[in-house]
Amino acid sequence: MKKTFIKISAMLAIVATLSSCKDQLGDLYLNPEQTTTPSVEKFFTQILNNDRIYPKYWDMRTFALTHAGVFSQVISFTNDKFIYREQAQYTEQRWGDFYTTNGNGSGPLAHYREIEKQYAKLSATEKQSADVFVNAAKVAMLEQTAQMVDLWGDIPFSEAGMLNLNGSITSPKFDDAKEVYYTVIAGLKDASNYFATANLSSVTAGSFKKQDILFQGDITKWRRLANSLRLRALMRISFVDEAKAKAEVLEMLNNPTQYPLLEETTQNALLNPVTTYIDNLRNAFYESNNHLGASFLLDKVLKPANDPRIAVIYDKGGRQDGSKWVANADYYAMPLDLNSTDQATNITNGKYAVLDSATFVYNSKLPGVIFTSAETHLLKAEAYERWGTTTDAATAYNKGVAQSIAYYYALNNLSNSTAPKLTAPSAAAVNDFLANSTIKYAGSSAQKLALIWTQKWVQFGFMQSVQAWSELRRTKYPQLTFVADNTSGFALPPNRLTYPGRERTFNPNYSAVSAKDTRDAKIFWDVK
């Protein structure tokens, strides 16, 4: 567990990061971890090189699965004591990895402050060359900032990282969560406007391509990502400030040339491993029994629809009978209403489906997911259903589900495991599924919105568990049932994470937010 306070450790962490070598990025990219010469472009790459985005063991095992994954039921879990209580040492690490660079994240805010400092030293001509790095870094940093608000609410932001920026040691105030979100929304629009007119020299374009480990220098995709993230943020606030959300979202959707979005699977913002990474996630899944068939996902959503995603999300599982493997007859989910003893017995006897080996468990090529085209279309579907026409909503919904199917099969097929890869269903088969299954876009407007929100939850899954938990709190869909834990004060999942101990102890500005620092307090957009 980290013991350092963010205002003190940030600069020391930057130095350590820049002088050490924990990854081998290879010849394709300049490695910011192997240089002692700070520069805007190198800090940009390090913001992207984020183990809180990559699906690696530590984040999955300590946070994505066991916190956001449990709280959103996108994964299985046993009914153990304290299952809904946050593990303070791990949530404190998640907090610190946004502000500092000596943990499992890239320290996006610390690196962005360093970018601001280095940028201020440049000449006007040099700034023109650096602008593309600054704006791409801003998009990446703001995406992570929004997640911090989604998890905690008010956070230190405007005054955080001053040691990196100007060398001053300050106790940063906690900025109002809503104000931070509006800053994110405005910043993403500014970045999109920059990318719309950016004209890079050949030298700058070559450097940006080399440093950009997300889109390999494609500024059109960066523009699309900025707009898509803004669309997500606007829909996130749409129940608390519908006027703002509606006006800005419809402006975007009615002007696709001015505000292009990530709308094709080839445009997905996926952070692929760029090192010689050969590990897999088996231990992360199996150590906490997060590898089994999730009850609501499998029994209430996928199986009733005979969903083609089942085959690449799960294996049927089974048991070893002497020298013979006996596969289960169907995909059986682990019920959440069983006591933990019965769950453990059934797990030992192999009664439940398990996460697919090729797609997830042994897939060392699994990318970090920032944004997908499936999410774009499902966001559009909600906007159209609420503020436009149900016909446009249906079109967007069907595209979103179809691209979600394509996404899961793509994860399966990129795997380097020895497990069998599956062929994606044909377009005709997908269209038939959309028209004739239980997920068909039909019913009242409320029922259609429930379909949209449930399918977005399916798309997020544990790969984007923070988003799944955030949207569950915002929309209250899918309508999940949680078995209460008898532990006093922790009977059900929280509405937010509580602040780390080091903030309560060392930041005098904590007093301004202490009254609402409870697990039952709600994030500002959680009003439905």
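This talk goes through the charged pairs, backbone exceptions, cavities and aromatic contacts of one chain.

Good morning, colleagues. Please keep in mind throughout that the structure above is a predicted model.

Let me begin with the charged side chains. Side chains of opposite charge can pair when their charged atoms come close. In this model, the count comes to 25 salt bridges. I shall describe three of them individually.

The pair between K380 and E263 has its closest N and O atoms 2.6 Å apart. This contact links distant parts of the chain: K380 belongs to helix α17, residues 373-387, while E263 is in the loop between α11 and β3, and the two are 117 residues apart. K380 has a relative accessible area of 13% and is therefore buried.

A further pair joins K476 to D526, again with 2.6 Å between the closest N and O atoms. Here K476 is in the loop between α21 and α22 and D526 is in the segment after α22, so the contact ties together parts that are 50 residues apart in sequence. Are the two partners buried or exposed? K476 counts as partly exposed, because its relative accessibility is 30%, whereas D526, with a relative accessible area of 5%, is buried.

The third example is D51 with K56, whose side chains meet in a salt bridge at 3.4 Å, N to O. Both ends of this bridge are buried: D51 has a relative accessible area of 16%, and K56 has one of 17%. As the limit for buried is under 20%, D51 at 16% and K56 at 17% both fall within it.

Beyond such pairs, there is a network of salt bridges that links D150, R236, E242, E382, R386, K456, E471 and R474.

I turn now to the backbone. Most residues other than glycine have a negative phi, and most peptide bonds are trans. Which residues does a cis peptide bond join? The bond lies between Y477 and P478, with omega about -5°. P478 is in the loop between α21 and α22, the loop that also holds K476 of the salt bridge just described.

Two residues with positive phi deserve attention. Q73 has a phi near 60°, and F82 has a phi near 70°. Q73 is in the loop between α3, residues 57-72, and α4, residues 88-99, and F82 is likewise placed in the loop between α3 and α4. Their accessibility can be set side by side: Q73 is buried at 4%, while F82, at 31%, counts as partly exposed. The ring of F82 also has a charged neighbour, since the charged end of R85 sits over that ring, 3.9 Å from its centre.

Next, the internal space. Rolling a probe the size of a water molecule over the atoms shows where empty space is left. The model contains 8 cavities of 30 Å³ or more. The largest holds about 250 Å³ of space. Of its 22 lining residues, R52, Q147, V369, M463 and Q464 lie nearest the centre. Two or more lining residues come from each of α3, α6, β8 and α21, and the largest share, 4 residues, is from α3. By character, the lining divides into 12 nonpolar, 6 polar and 4 charged residues.

The second largest cavity has a volume of about 130 Å³. Its lining has 18 residues, with V74, L297, I313, G461 and F462 nearest the centre. Helix α20 gives the largest share, 4 residues. The composition here is 15 nonpolar, 3 polar and no charged residues.

Finally, the aromatic side chains. A pair of aromatic rings is described by the distance of the centres and the angle of the planes. The structure holds 26 aromatic pairs. In one of these, F71 and W469 have ring centres 5.1 Å apart and planes at 55°, so the pair is tilted. F71 is in helix α3 and W469 in helix α21, so this contact ties together parts that are 398 residues apart in sequence. F71 is buried at 2%, and W469 is buried at 2% also.

W95 and Y99 give another tilted pair, with centres 5.3 Å apart and planes at 45°. These two residues are 4 apart in helix α4, and so about one helical turn separates them. W95 is buried at 0% and Y99 at 4%.

Ring pairs also join F44, F133, Y194, F195, F208, F215 and W222 into a cluster. Thank you; I welcome your questions.

Note on methods: Residues numbered from 1 in each chain as written. Predicted model: local features only at pLDDT ≥ 70, side-chain atom pairs only at ≥ 80, totals over all residues. Heavy atoms only, no water. Salt bridge = Lys/Arg side-chain N within 4 Å of Asp/Glu carboxyl O. Buried < 20%, exposed > 50% of the residue type's maximum accessible area, 1.4 Å probe, protein only. 1 Å grid on protein atoms, 1.4 Å probe; cavity = no way out; pocket = protein on both sides within 12 Å on 5 of 7 lines; lining within 4 Å. Points joined across faces, edges and corners; volume = space filled by probe spheres on them. Nonpolar A, V, L, I, M, F, W, Y, C, P; charged D, E, K, R; others polar. Phe/Tyr/Trp six-rings, centres within 6.5 Å; stacked < 30°, edge-to-face > 60°. Lys NZ or Arg CZ within 6 Å of the ring centre and 35° of its normal.
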